[in-house]
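Notebook open, ligand site and one strand on today's list. Pulling up the structure first.

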Amino acid sequence: MIKKVVLVFTFLVTTLILNAQDKLIINTYNRPTTSLNGYWEYIVDPYENGYYNYRYEAFDKQENPQKGAFFLNSKSESKSDLVEYDFDKMDSILVPSDWNTQKENLFYYEGTLWYKKSFDYKLDKTSNRLFVYFEASNYKTEVYFNGKKLGVHVGGFTPFNYEITSLLKENDNFLIVKVDNKRIKEGVPTLLTDWWNYGGITRDVKLIETSNTFVQDYFIQLKPKDSNKISGYITLNGENAPQKNVQISIPELNINRSFKTNNTGKLSFEIDAKTISYWSMEKPHLYDVTIMTDLDTVTDQIGFRSIQTKGKQILLNNKPIFLKGISIHEESPIHDGRGWNKEDAKQILNWAKELGCNYVRLAHYPHNEHMLRLADKMGILVWEENPVYWTISWENENTFLNAKNQLSEVIDRDKNRASVIIWSMANETPTSDARNNFLKKLASFTKEKDPTRLISAALEQSDYKDDKFTRTISDPFADVVDILSFNQYIGWYDGLPEKCSKISWNIQQDKPVIISEFGAGAKYGLHGDKSERWTEEFQEHLYIETLKMIDNIEQLQGVSPWILVDFRSPRRILPEIQDGWNRKGLISEDGLKKKAFFVLQEYYNNK
Ligand code: GCB
């Protein structure tokens, strides 16, 4: 009996430890890695047959999982043996990529898909360690390695990793990943969105080899309110992490300093740096920054700039700026479906530049890291957004923890990117005590985690008192944000474009204002009178009228119209016009520019 209790206890503790998320390794783009991209075998499993037995008990909670568990990669051992699946006989699918646009029969699929990848790997375990890193996988991901569960990750747009050193063999390792993209009410995002719920392992998967003790994480930025200092922290991971010497060098600034970690392997630092060439839109200077211990060296390309607000101004390096922006979804302009690679990022950001933008709003969730690294190089400022969209389960504590975790992961990943100036908490969320509380908690968490950036959220506008033609922002969250942003669709959902000229603004907050969205749908190549909805002329007209209208907002410091490119949405079904696409793009899904593109381009050229 005692033996049994001990066994169960050991099992529970091991399960808990194995399910814990390993801390994120940052800057994987500059570390030695082995890509696991390519073809993986897969099983479509709408009933989650490979996860639950017929009593609906999860196999991975069993002490000795039954053969039917897909993560075991079971094979029949004799002619009479019963095993009702076989990964090796299955079709394969590309990783990364969404499954919807790869396989016709998975276009509308929302549910579980199992992936399997086998590989050999030689690791000197006396000196080195190995991690498996996922850049993103939508939405709930359970990861198993050589038959053991590594953990579960929730959220479709942020990276996560697990250590696999102890389970690794030289040959025939198998990584099995269960990805479930079912929409759920308490999820982040929740059931309803206006974008396609692309499922699958949508970004790179790689193995990261590190030394036993390695540089896991660092935050290296200008010190807030003191542009003559670089400050931040470095965290080492490993048994030798405490009391270790770490060198930070920035050769171009003649910086080469040594610091010692504390007993938890972390150090905080501050370095004088008087001759910095500050990162700006005109000169996006990036410095090579190297962090070194006797065991590990990591280099990153980091820009130094300050960002703050003063009354109604946004100051970049203490100079007022106007954010000439555009909103973007993460869909590929080159291949079909979710975007994920450098070429996708290049095309999108080149279009934004051509439009005259110095700023992009990456809606409505964190985009892939290529976007941020490229924005850093191209001198484009960025708004990053948490997928807290429309009507989240505000009262649910797990929903809050989930939202906080996703935000935390994107901050971890991108906190060294000079381009990122705004963390957006949410989009178009309805006010209530529970929601206000939820967002306030997210905001104070963010401020604490990253004191170097601004906070915002895409809010909504409303009538001022009973006057239907005067608009204001009455959302209590306006008191919390650094930048007051709101979406508005006067002329599209709210009257016709002519209405714009009748609107006046009464915004009382002394804060910079950004119009985070406005727009109108138009089918590329459809022409007609400007009063005819869906024509390019209607959209063009709305842009002309809206831009005149928003220029009357005294505090206006930026705008990011909706949206650069048409994008897929199952809500948009009007035949011959939408056919499954939200048509508010300035560019069609085939890359063709609509008339409104040139209206905005001219506005930005004259700004
Ligand atoms: C919005 C949402 C965005 C939608 C857009 C639209 O306000 O923020 O996600 O796609 O309107 O097209 O209606």
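I take strands as DSSP runs of E with at least two residues, numbered from the N terminus, and I call two strands paired if DSSP finds at least two bridges between them. Note to self: this is a predicted model, where local features need pLDDT of at least 70, side-chain atom pairs count only at pLDDT 80 or more, and totals for chains, interfaces and linings use all residues. Numbering starts from 1 along each chain as its sequence is written, and side-chain values use heavy atoms, with hydrogens and water left out.

**Strand β4**

I looked up the neighbours of β4 (residues 112-119). Strand β9 (residues 173-180) runs antiparallel to β4, with eight bridges; I found W114 bridged to K178 in β9. Strand β2 (residues 38-44) is also antiparallel to β4, with four bridges, and there Y42 has Y115 as its partner.

How enclosed is β4? Seven of its eight residues are buried, so the rest of the structure largely encloses it (buried: under 20% relative accessible area, 1.4 Å probe, protein chains only).

**Ligand site**

I get 14 residues around the ligand, D194, Y389, E428, Y493 and K584 being the closest (near means a heavy atom within 4 Å). I sorted the shell into five nonpolar, four polar and five charged residues, with Asp, Glu, Lys and Arg as charged, Ala, Val, Leu, Ile, Met, Phe, Trp, Tyr, Cys and Pro as nonpolar, and the others, Gly among them, as polar.

Next I checked polar side-chain atoms against ligand oxygens. E517 has one at 2.7 Å, W562 at 3.1 Å and Y489 at 3.3 Å. The protein buries 97% of the 310 Å² that the ligand exposes when taken alone (Shrake-Rupley, 1.4 Å probe).

Note on methods:
Polar contact = N/O pair within 3.5 Å; in protein donor to acceptor, adjacent residues only side chain to side chain. Buried < 20%, exposed > 50% of the residue type's maximum accessible area, 1.4 Å probe, protein only.
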